[in-house]
Amino acid sequence: MMQGSAVAINVERRDLAFDGRKFGRLGSYELIAGRLSGGLDSRDPTHARVALIDEAKRLGIDLRYASDFCLLRPVEAGAGNGTLLLDVLNRGEQKAFSLFNRATAGGDPREITDPGDDFLMNAGYSILWLGWQPDIAGDAVMKADFPVLRSSQGVFTGRSVEEFILDSSDLPRRLPLSYPAADLSSSSAQLTRRSNNRENRKPVSAERWRFISPTEIEIGPQPDFDPGNIFELVYDACAPVLTGTAFAMLRDGISHLRNGGASDLFPAGALQHAIAFGTSQSGRFLRDFLWQGFNRDASGRPVFDGFFIDCAGARRAFINAPFAQPGRFSRAHEDHFYPDDQFPFGYQEAVDPLTGRRGALLSPDETAKIFHTDSSSEFWQGRSSLVMTDGAGKDVVIPDNVRVYTYAGVQHGGPNARPLPIFAYPTNPVSEARLLRALLLALTDWVTAGKTPPDSCHPTIAEGTLVDPSSPGQWKFPDIPGVRIPLGVNPLSPEGREFKGQSYRQFVPAVDDDGNEVGGIRLPDIAVPVATYCGWNIRRKGFAEGELASVRGSLFPYPVRDADRRPGDARPSLQSLYPTRADFVAKIAQSVDRLVAQGFLLPEDGRAYVTEAEFRAMPWLAAPPARVPVLARDDLAAADQEIYDAYIARRGVQPSLIHRAIANAPDVLRAYMPLSNALRYETELSGKLRELAIVAVGVAARSPYEVEAHVRFALATGVRPDVIQALVSVGNNNVFEPIERMVIDLAQAATCGNVSSAQCRGLRSALGEERFAELAMQIVFYNMVVRILAGLDLRPAGAGEGGITQGIAAPAEGLLHQRSWSDTMADALLDCRPVLAEGLRLLLDGIDRGLHLDPEVHDLVASAATDPFGPEPSEKLQGDAAHIVAFVRMLAGHGSAPDVLASPCLSALGPEGFTRLVVFVSVKSSLPLISTLLSGS
């Protein structure tokens, strides 16, 4: 048995990061990865707080631990800003790069290849990740190995609780257990079921469930089953992990790095400060770390000088306890009774209004500077109001070393949180990332230079911006047709039978007449809204209908025009709020100026908001009608409505204009969506490069719809506003990074038909084979898209305001089609990126099946689509056939479709047939680009 808190670091990998890219005066960064190891010492008063450590000693358990670590730091260690930023892993995955750098980064920081917009590197941080959660599955996550109470000298057992909400009707179902069962007889365990947490538990009979193994049970078919039912298993478990080791490991590991214990990583004096960042689960981890007193090392020195705790609410974490389950957290319906958030809730000294106990999250000698930030969802599910009130209905005074900021109308996890089929309403798309960037720099300045940050900004009872949702007349959410409001917040009572029925008073942000929150930091999306944005969503029918749904928000768009308002909806129309684009842009600019002046937004991020407003789609302004109907869900046959449902479930928003137009041929839309989704969600190409390529295609094709649609996405991935302006307006080329210039040049050359082999070789070398294949498919797909847009004449409202005109300039004859599509090229794509190859196969199968033309005309159309500049048919065509082939040649070769050619085709084929033709031609005419790009010539 090892005792002692000595830490050792074993470096297993040391590489130049981002291919040696230099970040201004800081130079290049390097990525260092390996294992950090140490051991618990029960004689250390802080280590002695680790749950079950005494039992571990009694059983002779080895108290050593080990953790994956990853460090990203300047090659010249002294060149940075002297601050270590710990990004506490969330379920084994990084969050800092995705939030602060807006990077398309996977969960494992050891595999990060996309620096995003370089924010953290340009600021000079050294960024550290440490595995801390031992119970997560999968290889692409960072993990930890902690002591386990399993010994030949004895077995430690105890009661463990598992909760399962299947959210699926598939039964029987096998389900994993967090800890092995000590006894596999059903008499030693009880499985119960309930519809919600207000109901009593009802035992599930023994014949309807069973143990499969010590680590797995099976639940069989149930009478009157709702997929949202809550199953709860209470059983005798064994082999608990000393999960609280995570706190000791973090304390000793950071102290080791800061105080000269790893001189090969950080020479003496290279690290003057350390800041910990955590969001959601990792934010709860940090609150628990503070409360349990781990922010002092064995010598009494501070471990962290600053804490950035995001989206934690009033919760802590179920970590330092027997049979802990760190992934659990209480919500109104899910995991409600797990013990992760009991008094104290706030950072100040307080008295529990129900038990009379005194306490504070912070120890009296804690000097760390703390930012606590919460989304709207935290008030509904995370009991956030208990951070700023006393649990009895009064505001509290926030300590001087703490700032509490809440961002109004934003859901937990922001827009990147994947929607689920249980949600009754579309999820909230507003992002808080730009706010968090400004706050990270403000916290760093406070820690390193003593610069006072902005005052706390959150709703309060005194100002009437924090209200009791259970009191009639306080929370006045407007009537919106078809919308049910939540039953209430996630309630909380103190532990103990004597407090049954007593709950802490909780509050939520007040809303204005349109349902948008009025307290806290109001980002431009909320201050200048186009919808009602909520921090709550509810479960839909068949999934515990009406209960709060996880921690996601919802979106209820305003009526577009006065004529569109449904009976009972008193909210204003967009047409009445923003009669011109200039009016909308001016209001966004005013909101931005206010936030920049308050210190809640960086000037460059403020410019991004304004640029988004200048390019965003404005459906309430006058726009030419499309050539085919733009269909709502109710316009589709009942059997086809699931296409829209699947779209909303996958993307969290309503189908866009192009998808609603393609829906005139529902089977074509079905075939189109797998490749569209794969390119958006299943690729690892940098989001910034992806969006630059798409906008570049739109600019080259002079497609205002495509440019408007993707400028917003480009800005969200970190593309700077000056880069957008230079790309759209053919401005200063000096603003582009070399790799950005290469991607833009290739996308535009491909669109205009003059790709060079040198361009392909250069990008293939820079990106690698798989990422280059992903880029090639993005370029090809959006060449399809701009032709579909032109063929269906889909234009945004106010098209041309940015100086963009429609129609691709004619390429030099034959250049675009110098190679043809072949099975060889399909095989090359399949070998490189099979998910994209499968999506393309489904698309080709779908369009080939549904054209429904006379065989002779079909052959002429197919030939004209793939070789629009080829010879004319030998026989003179007449009537509809002549019009169709002429239209195909123009759309395939030039990407334009004038009415004089389109109208006869539409009359002959009808909306469905015309839509099929347009998609067929757009796909077939763009396919040769795959051969061109993947072959490199």
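User: On a 1 Å grid over the protein atoms alone, a cavity is a set of points where a 1.4 Å probe fits but cannot get out. How many cavities of 30 Å³ or more does a search of the whole structure find?

Analyst: This is a predicted model: local features need pLDDT of at least 70, side-chain atom pairs count only at pLDDT 80 or more, and totals for chains, interfaces and linings use all residues. Residues are numbered from 1 along each chain as its sequence is written, and side-chain values use heavy atoms, leaving out hydrogens and water. When the whole structure is searched for cavities of 30 Å³ or more, the count is six.

User: How many nonpolar residues does the lining of the largest cavity have?

Analyst: The largest cavity has a volume of about 80 Å³, the space filled by probe spheres set on its points. Its lining residues (an atom within 4 Å of a point) include Phe343, Phe345, Val351, Leu386 and Asp390. By class, four of the lining residues are polar and one is charged, while the number of nonpolar ones is six.

User: Which strands stand at the edges of the open sheet with the order 10-14-13?

Analyst: In this sheet of three strands the pairing is antiparallel, where strands are DSSP runs of E with at least two residues and pairing takes at least two bridges. Neighbouring strands are turned by 30 degrees against each other on average, direction ignored. Each edge strand has a single partner, so one side is left without a neighbour in the sheet; the two are strand 10 (173-176) and strand 13 (209-213).

User: In strand 14, which residue is the bridge partner of arginine 173?

Analyst: Strand 14 covers residues 216-219 and is joined antiparallel to strand 13 by four bridges; a hairpin links these two strands through two residues. On the strand 13 side, phenylalanine 211 has isoleucine 217 as its bridge partner, and tryptophan 209 stands opposite isoleucine 219. Strand 10 also pairs with strand 14 over four bridges, and there the partner of arginine 173 is isoleucine 219.

User: Nice, now the other sheet. Which residue in strand 12 stands opposite arginine 193?

Analyst: This open sheet of four antiparallel strands has the order 9-15-11-12. Its edge strands, strand 9 (157-164) and strand 12 (202-203), each pair on one side only. Strand 11 (residues 190-194) meets strand 12 over two bridges, and opposite arginine 193 stands lysine 202.

User: How many of the eight residues of helix 27 are buried?

Analyst: Buried means under 20% relative accessible area, and helices are DSSP runs of H or I with at least four residues. Helix 27 spans residues 928-935, and its buried residues include Pro928, Ile930, Thr932 and Leu934. The helix is mostly covered, with a buried count of seven.

User: What distance separates the C-alpha atoms of isoleucine 588 and aspartate 297?

Analyst: Isoleucine 588 belongs to helix 11 (residues 581-598). With a relative accessibility of 6%, isoleucine 588 counts as buried. Along the chain, isoleucine 588 and aspartate 297 are 291 residues apart, and the separation of their C-alpha atoms is 47 Å.

User: How far is the backbone oxygen of leucine 679 from a polar atom of the side chain of threonine 683?

Analyst: Threonine 683 sits in the loop between helix 15 (666-681) and helix 16 (687-700). Its relative accessible area is 10%, so threonine 683 is buried. From a polar atom of its side chain to the backbone oxygen of leucine 679, the distance is 3.2 Å.

Key:
Axes fitted to C-alpha atoms, helices over the stretch in contact; angles between N-to-C directions. 1 Å grid on protein atoms, 1.4 Å probe; cavity = no way out; pocket = protein on both sides within 12 Å on 5 of 7 lines; lining within 4 Å. Nonpolar A, V, L, I, M, F, W, Y, C, P; charged D, E, K, R; others polar. Buried < 20%, exposed > 50% of the residue type's maximum accessible area, 1.4 Å probe, protein only. Polar contact = N/O pair within 3.5 Å; in protein donor to acceptor, adjacent residues only side chain to side chain.
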